[in-house]
Amino acid sequence: MTREPPPPQGPTGSQAILTPITEAAIFLTLTVDPGTEDGVRDLLSDVSGLRRSVGFRIPEGALTCVVGIGAAVWERLFGQPRPAELHPFPGFAGARHGAPATPGDLLFHIRAHRFDLCFELAQRLTSRLGPYARVVDEVHGFRSFDERDLLSFVDGTENPEGAEALAAVVIADEDPAFGGGSYVVAQKYLHDLAAWDALPVEEQERAMGRTKLSDIELPDEVKPANSHVALNTIVDENGDERQIVRVNMPFGNVGASEFGTYFIGYARSPDVLEEMLTNMFIGRPPGNYDRILDFSTAVTGNMFFVPAVEFLDDPPSPAAGAASKAEDVSGDGTLAIRSLRGRRDGSSA
């Protein structure tokens, strides 16, 4: 049996975000019960070992697990400081469509070429977390033909690659206390396939902004301003495109006529993800919302911080954070400069 090379990592050991496409995934979202934080920290420090134990038996299965932690539970688990841009998912309310914010403290994004590997690791994680946390959402994703979603369009075409991908998703010196980390937004969308399939292909392509068969982006002079591609293209003040990495997966329940896409987008800063969602739901300009939303409904929404591997393997406790903060007070009772490391706004909260 051959082993796949490890996924590319950032300079401080980022988690396995930038792995190749796999055939299976499980997305677990959990809430943490008050007073159980010690047990959760113990589990987080063991995630790497659990993944190795399950994945070692079938190395070619390329099992990975990315762990995200939400804003509401961060200080309960680790104390201060917190990642500079970590905050609750705000939700988005447009004139016709909305993106709700739903409960979620922990995210486990499990991927492999075989579903049994994903299932085994998910079972071990939830078994350990049983006394401490509750699963509030579980989605089993699968690879559909040539990377197509259930709307039959290729998903993730514009993902950056190599060094560009690292630069797009991995925090560096802008938040040195959390270098190697990333932000992730996760949403579950349900599709009205009957209504979508009733559209002519040309109308579907105008809604998406790409051709259906060949997966070629429509020319600017043809692509509608309310197409999915147009509204999800973000440029900075210099005219350079701001990138994210999408690792979306289709999911469904045939008997319940449930067909969907689990959107999961990683970025170095959450503001690019939030700008995309603002464009989609509120519109650019307001009212010019994403045409896809007439056929796809967001039913969950969360934001998480994805710490570096070293942080997860040895997570700090709130007591350790408080001790560190106390050490940062100078002899005259004022805060030393290094106590503010990693905070962009200079506040102490």
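Which residue just after α8 takes a positive phi? Keep that one in mind while you look around; point 5 comes back to it.

1. First, what you're looking at. This is a predicted model, with an average pLDDT of 88 over the protein and 88% of the residues scoring at least 70. Two stretches deserve some caution. Over residues 1-11 the pLDDT stays under 50, and the model has 21 contacts beyond four places in sequence for them. Residues 323-349 also stay under 50, with 25 such contacts. Where pLDDT is low, the predicted coordinates shouldn't be read in detail.

2. Now the aromatic rings. The structure holds 13 aromatic pairs. In one of them, the rings of Trp 74 and Phe 178 have centres 5.7 Å apart and planes at 75 degrees, so they meet edge-to-face. Trp 74 belongs to helix α2 (residues 71-78) while Phe 178 sits in the loop between α4 and β7, so this pair ties together parts of the chain that are 104 residues apart in sequence. Trp 74 and Phe 178 are both buried.

3. Phe 178 has another partner worth a look. Its ring centre is 5.7 Å from that of Phe 305, and with the planes at 80 degrees the pair is edge-to-face, because an angle over 60 counts that way. This pair links distant parts of the chain too: Phe 178 is in the α4-β7 loop, Phe 305 is in strand β14 (residues 302-306), and their positions lie 127 residues apart in the numbering. Phe 305 is buried, as is Phe 178. Zoom out a little and you'll find a cluster linked by ring pairs: Trp 74, Phe 78, Phe 178, Tyr 183, Phe 305 and Phe 311.

4. While you're in the loop between α4 (162-169) and β7 (182-191), find Asp 175. Is Asp 175 buried or exposed? It counts as buried because its relative accessibility is 2%, and the cut-off is under 20%. The C-alpha atom of Asp 175 is separated by 7.4 Å from that of Pro 83, although the two residues are 92 apart along the chain.

5. Next, helix α8, residues 270-281. Its 12 residues reach 16 Å from the first C-alpha to the last, close to the 16 Å expected at 1.5 Å a residue. The helix is mostly covered, with 9 of its 12 residues buried. Among the buried ones are Val 272, Leu 273, Met 276, Leu 277, Met 280 and Phe 281, and Glu 274 and Asn 279 are on that list as well. As for the opening question, the residue is Gly 283, with a phi of about 110 degrees.

6. Keep going past α8 and you'll meet a cis peptide bond, from Arg 284 to Pro 285, with omega near -5 degrees. Pro 285 lies in the loop between α8 and β13 (296-298). There's a cis bond from Gln 80 to Pro 81 as well, again with omega near -5 degrees. Pro 81 is in the loop between α2 and β3 (92-93).

7. Last, two backbone oddities to check by eye. Glu 147 isn't a glycine, yet its phi is positive, near 60 degrees. You'll find Glu 147 in the loop between β6 (133-142) and α4, partly exposed with a relative accessible area of 25%. Ser 257, also not a glycine, has a positive phi of about 55 degrees. Ser 257 lies in the loop between β11 (249-253) and β12 (258-267), and its relative accessibility of 53% makes it count as exposed.

Note on methods
Residues numbered from 1 in each chain as written. Predicted model: local features only at pLDDT ≥ 70, side-chain atom pairs only at ≥ 80, totals over all residues. Heavy atoms only, no water. pLDDT = per-residue confidence, 0-100. Contact = heavy atoms within 4.5 Å. Helix = DSSP H or I, 4+ residues; strand = E, 2+ residues; numbered from the N terminus. Buried < 20%, exposed > 50% of the residue type's maximum accessible area, 1.4 Å probe, protein only. Expected span 1.5 Å × (residues − 1). Phe/Tyr/Trp six-rings, centres within 6.5 Å; stacked < 30°, edge-to-face > 60°.
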